[in-house]
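The following note sets out comments on the model shown below. The points begin with the surroundings of one ligand, turn to the chain as a whole, and then take up the other ligand and a single residue.

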Amino acid sequence: MAQGTSREIGPVVLLGPPGAGKGTQSKRIMEKYLVPQVSTGDLLRYNVAQGTELGMAAKAVMARGELVSDDLVCEMVRQRLSQPDCGRGYILDGFPRTAAQAGWLDALLDDKLFDNSRPTRAWPIVIRLDVDYNQLLLRITGRRSCPTCGRIYNVHFQLPSLDEVCDVDGQKLITRNDDRLEVIQPRLKAYQEQTAPVADYYQRTGRLIAVNGDQPVDEVTKQIFKILEDRQS
Ligand code: ADP
Ligand code: ADP
């Protein structure tokens with residue numbers, strides 16, 4: 001893996017339907033720009049696994065493929081973004097997912113914009129990954145991940161070197177509980193009904209950049225890096 005750069009990129013929002021490649025691309029941005037990936041899905045799954053109060057409230061909702069309430073998710077994000085490692089920027093993966101969350105994020109950043117003691121100064125770059133519906137289904141049903149390091153694989157497109165085992169730490173790969181066909185439809189519906197308007201909102205305010213996510217992983221990464229470099233210069 002190429003060495004990372006510590007240049008500031010500010011907040012980056014990755015939008016896109018389930019399976020679009022947000023997590024995969026977030027990890028590559030994280031490695032290159034040395035900023036944390038803030039994945040609300042991962043944070044929620046961690047809370048479910050730990051049996052926290054938040055996890056207990058979120059578990060059944062996630063299993064049905066619906067969205068966890070804005071209040072719970074925004075508070076979780078607020079806590080995560082206030083940690084020191086987010087000072088130079090961060091990648092929001094899976095947030096905001098509703099108009100209310102987008103409004104909340106703007107208010108949070110607005111606050112930071114006018115408070116010089118706070119480190120995050122820029123509006124987010126919002127990148128939406130567009131992927132064909134049938135490709136999404138293949139990606140979601142084929143997704144596997146490492147329970148230890150979070151690395152993402154796919155039985156159709158991104159096989160590990162050894163069958164069903166993580167290349168990095170040798171752990172047996174797992175399938176997410178909500179990557180089952182019967183849960184995929186409600187998740188895609190939630191995206192269309194609740195998250196697509198968020199992209200429209202960013203588009204209207206001139207902040208959305210759409211990327212064709214229906215290309216090989218490396219090509220998508222190349223285009224995202226180009227957007228981030230252009231923003232810096
Ligand atoms: P998201 O976070 O948007 O739900 P992921 O990054 O988890 O998406 O990717 C979903 C699945 O698709 C994973 O199994 C991943 O390995 C695979 N994948 C991601 N990007 C691509 C791509 N450009 N081409 C083929 N498969 C991909
Ligand atoms: P994907 O990578 O397939 O898009 P995520 O891992 O981002 O899925 O999210 C998994 C589930 O976690 C969602 O279906 C939803 O129940 C919950 N979730 C994640 N992010 C949010 C959010 N910003 N608001 C509400 N619910 C969320």
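1. This is a predicted model, and the comments below should be read accordingly. The shell around ligand 2 is made up, by class, of eight charged, seven nonpolar and four polar residues. In total, 19 residues surround ligand 2, and the closest of them are Thr40, Glu66, Gly94, Gln101 and Arg187.

2. Which element gives the largest share of the shell around ligand 2? Helix H2, spanning residues 40-50, does so with four residues.

3. Several polar atoms of the protein approach ligand 2. A nitrogen atom of ligand 2 lies 2.8 Å from a polar side-chain atom of Thr40. A backbone N or O atom of Gly94 is found 2.9 Å from a nitrogen atom of the ligand. In the side chain of Arg97, an N or O atom is 3.0 Å from an oxygen atom of ligand 2. On its own, ligand 2 has 560 Å² of accessible area, and the protein covers 97% of this.

4. As to the overall fold, the protein chain contains seven strands and eight helices. The C-alpha trace spans about 50 × 40 × 30 Å along its principal axes. The radius of gyration of the protein chain is 17 Å, which agrees with the value near 17 Å for a compact globule of 233 residues.

5. Burial and surface can be taken together. Of the 233 residues in the protein chain, 47% are buried. The chain exposes about 11,800 Å², of which carbon and sulfur atoms supply 52%. Where contacts join residues at least 6 apart in sequence, 70% of them link residues at least 24 apart.

6. Ligand 1 is surrounded by 19 residues, of which Thr24, Arg143, Tyr153, Gln158 and Gln215 come nearest. By class, the shell around ligand 1 has eight nonpolar, eight polar and three charged residues. Helix H1 (22-33) and strand E6 (152-154) each contribute at least two residues to this shell.

7. What lies 2.6 Å from an oxygen atom of ligand 1? The partner is an N or O atom in the side chain of Arg143. Backbone atoms also take part in the surroundings of ligand 1: a polar backbone atom of Gly19 is 2.8 Å from an oxygen atom of the ligand, and a polar backbone atom of Gln215 is 2.7 Å from a nitrogen atom of the ligand. Taken alone, ligand 1 exposes 560 Å², and the protein buries 94% of that area.

8. A last point concerns Met62, which lies in helix H3 (residues 53-63). Is Met62 buried or exposed? Its relative accessible area is 15%, and Met62 therefore counts as buried, the cut-off being under 20%. Leaving aside residues up to four places away in sequence, Met62 touches Gly41, Leu44, Arg45, Val48, Val68, Asp178 and Val183. Met62 and Val155 are 93 residues apart along the chain, and their C-alpha atoms are separated by 23 Å.

Conventions: Residues are numbered from 1 along each chain as its sequence is written. Chains are lettered from A and ligands numbered from 1 in the order in which they are written. This is a predicted model: local features need pLDDT of at least 70, side-chain atom pairs count only at pLDDT 80 or more; totals for chains, interfaces and linings use all residues. Side-chain values use heavy atoms; hydrogens and water are left out. A residue is near a molecule or strand if one of its heavy atoms lies within 4 Å of it. A polar contact is a pair of N or O atoms within 3.5 Å; within protein, one must be able to donate a hydrogen and the other to accept it, and residues adjacent in sequence count only if both atoms are side-chain atoms. Accessible areas come from the Shrake-Rupley method with a 1.4 Å probe; for residues, only the protein chains shown count as cover. Ala, Val, Leu, Ile, Met, Phe, Trp, Tyr, Cys and Pro count as nonpolar, Asp, Glu, Lys and Arg as charged, and the others, Gly among them, as polar. The radius of gyration is taken over C-alpha atoms; the globule rule is 2.2 Å times the number of residues to the power 0.38. Buried means under 20% relative accessible area, exposed over 50%, partly exposed in between (1.4 Å probe, protein chains only). Contact means heavy atoms within 4.5 Å.
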